[in-house]
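Student: I should like a close look at a single part of this model, beginning with one residue and its backbone. Please then set that part in the context of the rest of the structure.

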Amino acid sequence: MAMTNTQALILIAVIATATQLTRALPFILFPENKKTPGYILYLGKVLPYAAMGMLVVYCLKNVSLTSSPFGIPDAVAVLCIVALHLWKKNTLLSIGVGTAVYMLLVQLVFK
Amino acid sequence: MKKYLSALKAAFPYTIPVMAGYLFLGMVFGIILGSRGYHFGWAVLMSVFIYAGSMQFVTVNLLTSAFDPLSALLITLVVNARHLFYGISMLRKYNGTGVKKPYLIAGLTDETYSILCSTEAPEGVDSASFMFLVTLLNQIYWVTASFAGGLLGSFFTFDTSGIDFVMTALFIVIFINQWKSQKEHMPAITGVVVSVVCLIIFGPDNFIIPSMVLITIVLTILRNTIERRA
């Protein structure tokens, strides 16, 4: 261990507080008993769709297209999920099969 | 009591993919922290109070470098800035949830957000209890897994590499579900295109904040168009 228990506790407290601040800030700025500006309500309506798109990109951010395996396992798994989900419309099936395909590819094919 | 039981029944199926991902990632987290000489109590402490997957992995590194709380504060704000988007999206849904509201906010991870922003409680199920239980179940998975990981150390007998893809799969499926539930696709397209452009320009470690700023700007410019079409 590089630091004392007290230092570790302080560090964890700081990180926990800062994390909670990022979660709570919108609710602190726009409390229930005050009218939320129309612009913020508009953002609240459209952001879920944009944020989910951003989150997908965030998950795939470390995929390299220029070095082996050239993002092939990711691309194949994503296509499987999209195709299966549009066909069967079963959330757990799409997630389960997509993840299994990805695991097989990274463990057996593109080692 | 009955209210919670029906909410639990409704909430559990939605949390199954998160359970798979959290059990794995939480274990990995516990194992890594344990391997740095930290008792499993530390893993549990962090999973209860920080409860933010990627930040907890960063914290492991911060704990093993020089003591620097100010940098830790700034890194946390940057890594977790995306939570601001989630909060703004949930302002309305969390209205009127009363005593459950502080916990709903404290437990708003990527995964919990992805479920709650795309799902309504079924007919006859209390919405606040439903959202509360989705949040609580997810955190129980996470805390349990980091406890087990910290306790077990490295007794893994089968190859689990690639299982963290379950989170990516979850977000893709939710993205498709959201896409099909809407006629207006501009926000979804904006989110993907802007993030990809920023990823190319700023690289994998620095693209989230520029993406958030640019997404907000683009959606602000598009406001009149989108609201006219709605």
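Tutor: In this predicted model, A:Lys89 has a relative accessible area of 57%, which is over the 50% limit, and therefore counts as exposed. The residue is found in the loop between H3 and H4 of chain A. Its phi is positive, about 55 degrees, although A:Lys89 is not a glycine. Most residues other than glycine have a negative phi, and most peptide bonds are trans.

Chain A offers further backbone features in the loop between H2 and H3, where A:Phe70 lies. Phi of A:Phe70 is near 60 degrees, again a positive value in a residue other than glycine. With a relative accessible area of 44%, A:Phe70 is partly exposed. The loop between H2 and helix H3 (72-88) also holds A:Pro69, and the peptide bond that leads from A:Ser68 to A:Pro69 is cis, with omega near 0 degrees.

The domain assignment divides chain A into domain 1 (1-59) and domain 2 (63-111). Their C-alpha centres are 30 Å apart.

Helix H2 (residues 38-59) of chain A leads on to the nonpolar interior, for it gives 14 residues, the largest share, to the largest nonpolar core. That core has 72 residues, and those touching the most other members are A:Met52, B:Phe85, B:Met90, B:Tyr94, B:Tyr113, B:Ile215 and B:Leu219. The contacts of B:Phe85, apart from neighbours within four places in sequence, include A:Leu47, A:Ala51 and A:Met54 in chain A, and B:Met212, B:Ile215 and B:Thr216 in chain B. A second, separate core has 19 residues, among them A:Met3, A:Ala8, B:Leu33 and B:Met55. In soluble globular proteins, nonpolar side chains tend to be buried together.

The open spaces also draw on H2 of chain A. In the second largest pocket, which has a volume of about 870 Å³, H2(A) supplies eight residues, the largest share of the lining. Of the 38 lining residues, A:Lys45, A:Pro48, A:Tyr49, B:Cys117 and B:Gln182 are closest to the centre. Helix H4 of chain A, which follows the loop of A:Lys89, is among the elements that supply at least two residues of this lining. By class, the lining comprises 20 nonpolar, ten polar and eight charged residues.

The largest pocket encloses about 1100 Å³ of space. Its lining counts 41 residues, with A:Tyr58, A:Cys59, A:Lys61, A:Asn62 and B:Ser54 nearest the centre. Here H3(B) gives the most, with five residues, while H2 and helix H4 (91-109) of chain A are among the elements that each supply at least two. The lining of the largest pocket divides into 23 nonpolar, ten polar and eight charged residues.

One cavity of 30 Å³ or more is counted, and the largest cavity holds about 30 Å³ of space. A:Tyr49 joins B:Gln178, B:Trp179, B:Gln182, B:Glu184, B:His185, B:Pro187 and B:Ala188 in lining the largest cavity. Helix H9 (165-181) and helix H10 (186-202) of chain B each contribute at least two of these residues. Four of the lining residues are nonpolar, three polar and one charged.

Technical notes
Residues numbered from 1 in each chain as written. Chains lettered and ligands numbered in written order. Predicted model: local features only at pLDDT ≥ 70, side-chain atom pairs only at ≥ 80, totals over all residues. Heavy atoms only, no water. 1 Å grid on protein atoms, 1.4 Å probe; cavity = no way out; pocket = protein on both sides within 12 Å on 5 of 7 lines; lining within 4 Å. Points joined across faces, edges and corners; volume = space filled by probe spheres on them. Helix = DSSP H or I, 4+ residues; strand = E, 2+ residues; numbered from the N terminus. Nonpolar A, V, L, I, M, F, W, Y, C, P; charged D, E, K, R; others polar. Domains from an automatic or database assignment. Core = buried A, V, L, I, M, F, W, Y, C linked by side-chain atoms within 4.5 Å. Buried < 20%, exposed > 50% of the residue type's maximum accessible area, 1.4 Å probe, protein only. Contact = heavy atoms within 4.5 Å.
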